[in-house]
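Colleague: I am new to reading structures. Please take me slowly through one part of this model, the contact between the chains, and then through what surrounds it.

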Amino acid sequence: MGTETKSSNAWLVTTVLAALGLIGAQAVLYMSYYYTPVQISEGTLWVVTPDRGNPINLYESYRIFFIHLPAAYSTALCCGICLVGGVMWLLSKQPKWEALTVASAEVGLVTGAMVLLTGTLWADYAWGSGRIGSGWNWEPRLTTMLILWLAFAALLVLRRSMDTPRQRSAMTAVYGILLGPLYPLVSKAIEIGQTSHPRNFSDLLTAPEIAHTKNLASIALTLALMALVALRFQWNRLGQQIEQERAA
Amino acid sequence: MADAPVQPSFLRAVGALFARELRVELRTKSLLTSMGLFALLCIVIVGLGVRGITSNETYDRFVLAMLWVCTMFAAVVGLNRAAGSDRRKDFFGALLILPHDPGVVYFVRLVSTLAFLLLTQAIMIVVAVPLLKLDFFDQPLMLLIIPLADLGILAPGVLLSSSTSRVRGGEALLTIALLPVAVPVFAGATGATERLQGGGGFAGAQPYVLLLLVCGAMFTALGLLLYGRLNEG
């Protein structure tokens with residue numbers, strides 16, 4: 001009875017997060033085309049890229065930030081959840097923490113890919129030549145983000161390779177903890193040898209309509225992606241229950 | 001009435017385990033030969049690869065970066081050899097009856113592997129200075145950066161290799177697992193080397209040295225805490 005109540009509570013949380021996130025995403029979609037400015041006057045959305053030397057107008061390319069930024073925040077959250085899940089599993093040995101660590105690594109892999117893809121597409125326009133991949137210049141921020149994405153993938157590959165459930169759980173927890181410090185590195189990488197990637201998006205997005213849309217997008221899409229973590233968590237818990245029943 | 005068994009002190013345990021590591025290596029010479037040969041082969045391959053580089057600046061930067069790549073992979077080879085040997089001798093089963101925290105074993109393994117890697121690097125540098133025209137001896141601060149970077153690579157490496165060595169294809173797994181985690185260390189090592197070579201001195205390399213110090217301390221502390229938990233049961 002208790003397990004059923006807990007399970008239904010978890011589904012309720014997932015549904016509420018997903019509903020809020022999706023409603024917010026619809027609002028962001030509407031605002032990004034009907035609320036934010038289409039005609040950009042000089043001075044509001046100009047960015048100076050040292051690679052080119054001349055300021056360029058972002059025109060409407062800034063709309064990609066409404067996906068790029070929330071995906072980046074979600075990746076940071078996933079990294080933090082991996083760390084917390086790992087520590088909690090080592091302290092309590094409860095399977096739910098392993099399920100949470102795995103869920104956040106899985107979603108981190110998706111959100112990390114979103115950050116890399118949207119970032120690269122914008123970079124091609126902002127400081128590349130316009131050709132696909134021309135904006136990827138191996139700067140510390142770009143490279144550390146790619147490494148973080150690879151670390152999420154490594155965690156999932158490693159746990160699948162372990163022979164026993166015990167080894168699998170321990171490796172998931174330990175690697176989740178080792179993965180934790182990588183996001184501060186991604187965050188700090190902007191201060192090391194950065195030339196092209198903007199240091200602060202708020203400096204670029206000064207128009208109030210854009211700032212409002214960006215803030216709503218950050219909340220709504222992060223909620224939707226956290227709903228995805230909750231959904232994968234439920235899925236992984238079901239997998240653990242099936243495994244336990246098979247073993248019994 | 002039988003006397004209660006006396007638990008050896010922490011230092012005695014560290015000393016005994018370290019002596020065991022040295023004795024095993026002196027008898028088998030397994031780590032030094034595999035890491036050393038691997039590093040020397042890397043130098044030969046790097047030497048072949050840089051023949052076409054005409055710019056001096058590009059050459060110097062490339063060679064130094066490649067030496068760090070050689071170090072990274074030599075460390076992976078050494079870690080795999082050491083952990084593979086432990087698996088064959090059921091070392092992890094013996095951990096269960098150790099009268100001390102398993103962190104002692106981690107500490108000893110880290111110190112011994114660090115010593116062997118430093119020895120390998122010494123050989124590597126002696127060979128690379130004439131063959132690759134490396135200006136190593138102009139930069140005495142590298143003597144600080146090299147052990148710090150090695151510690152940052154080996155601290156998570158010793159931890160992860162204890163688990164990956166026990167599964168099929170563990171050698172490849174260790175590389176996959178270690179490289180993303182060791183990237184901050186690699187960034188610190190290459191950054192510090194570049195600054196020193198560019199004439200920035202210690203002041204220029206300071207942020208990178210700090211990064212290496214933080215990574216080394218953090219990974220060592222995590223290793224000491226997690227080694228037993230990763231290998232219990």
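Modeller: Happy to! In this predicted model, 20 residues of chain A are in contact with 18 residues of chain B. On the side of chain A that touches chain B, helices α4 (140-161) and α5 (165-179) of chain A each supply at least two residues. The largest share belongs to α5(A), with eight residues. Look next at what kinds of residue sit on this side of chain A: 16 are nonpolar, two are polar and two are charged.

That leads us to the nonpolar core. In soluble globular proteins, nonpolar side chains tend to be buried together. Here the largest nonpolar core has 119 residues, and the members touching the most other members are L148(A), A151(A), V174(A), V229(A), I145(B) and L212(B). Try finding I145(B) in your viewer. Leaving out residues up to four places away in sequence, I145(B) touches A189(B), A192(B), T193(B), V209(B) and L212(B). One of these partners, L212(B), is itself on that list of well-connected core members.

Let us step back to chain A as a whole. Chain A has eight helices and two strands, and from the N terminus on they come in the order α-β-β-α-α-α-α-α-α-α. Of its 248 residues, 40% count as buried. Take the contacts in chain A between residues at least 6 apart in sequence: 78% of them join residues at least 24 apart.

How far should you trust what you see in chain A? The mean pLDDT of chain A is 84, and 85% of the residues score at least 70. The elements of chain A are not all alike: strand β1 (residues 46-48) has the lowest mean pLDDT, 52, while helix α2 (residues 65-92) has the highest, 94. Where pLDDT is low, the predicted coordinates should not be read in detail.

Now for some individual residues of chain A. Most residues other than glycine have a negative phi, and most peptide bonds are trans. With that in mind, K93(A) deserves a look: its phi is positive, near 60°. You will find K93(A) in the loop between α2 and α3 (95-126) of chain A. K93(A) has 14 other C-beta atoms within 10 Å and is therefore partly exposed; a count of 20 or more would make a residue buried, and 12 or fewer would make it exposed. W138(A) has a positive phi as well, about 60°, although it is not a glycine. The loop between α3 and α4 of chain A holds W138(A). With 7 other C-beta atoms within 10 Å, W138(A) is exposed. For a third stop, go to H212(A) in helix α8 (residues 208-247) of chain A. H212(A) has 13 other C-beta atoms within 10 Å, so it is partly exposed. Between H212(A) and G80(A), which lie 132 residues apart along the chain, the C-alpha atoms are separated by 26 Å.

Across the contact is chain B, with eight helices and zero strands. Read along the sequence, its pattern is simply α-α-α-α-α-α-α-α. Of the 233 residues of chain B, 41% count as buried. Among its contacts between residues at least 6 apart in sequence, 83% join residues at least 24 apart. Along the principal axes, the C-alpha atoms of chain B fill a box of roughly 80 × 35 × 30 Å. You can try a simple check on its overall size: a compact globule of 233 residues would have a radius of gyration near 17 Å, and chain B has 19 Å, which agrees.

Helix α5 (residues 103-131) of chain B lets you try the check on a smaller scale. At 1.5 Å a residue, its 29 residues should span 42 Å; the end C-alpha atoms are 41 Å apart, so the expectation and the model agree. Helix α5(B) is followed by K133(B), and the phi of K133(B) is positive, near 55°. Within α5 of chain B you can pick out V105(B). V105(B) has 25 other C-beta atoms within 10 Å, so V105(B) is buried. From V105(B) to L32(B) the distance is 20 Å, C-alpha to C-alpha, with their positions 73 residues apart in sequence.

To finish, go back to the contact where we began and find α5(A) once more, the helix that gives the largest share of the side of chain A touching chain B.

Terms used
Residues numbered from 1 in each chain as written. Chains lettered and ligands numbered in written order. Contact = placed C-beta atoms within 7 Å. Helix = DSSP H or I, 4+ residues; strand = E, 2+ residues; numbered from the N terminus. Nonpolar A, V, L, I, M, F, W, Y, C, P; charged D, E, K, R; others polar. Core = buried A, V, L, I, M, F, W, Y, C linked by C-beta atoms within 7 Å. pLDDT = per-residue confidence, 0-100. Expected span 1.5 Å × (residues − 1). Rg over C-alpha atoms; globule rule 2.2 N^0.38 Å.
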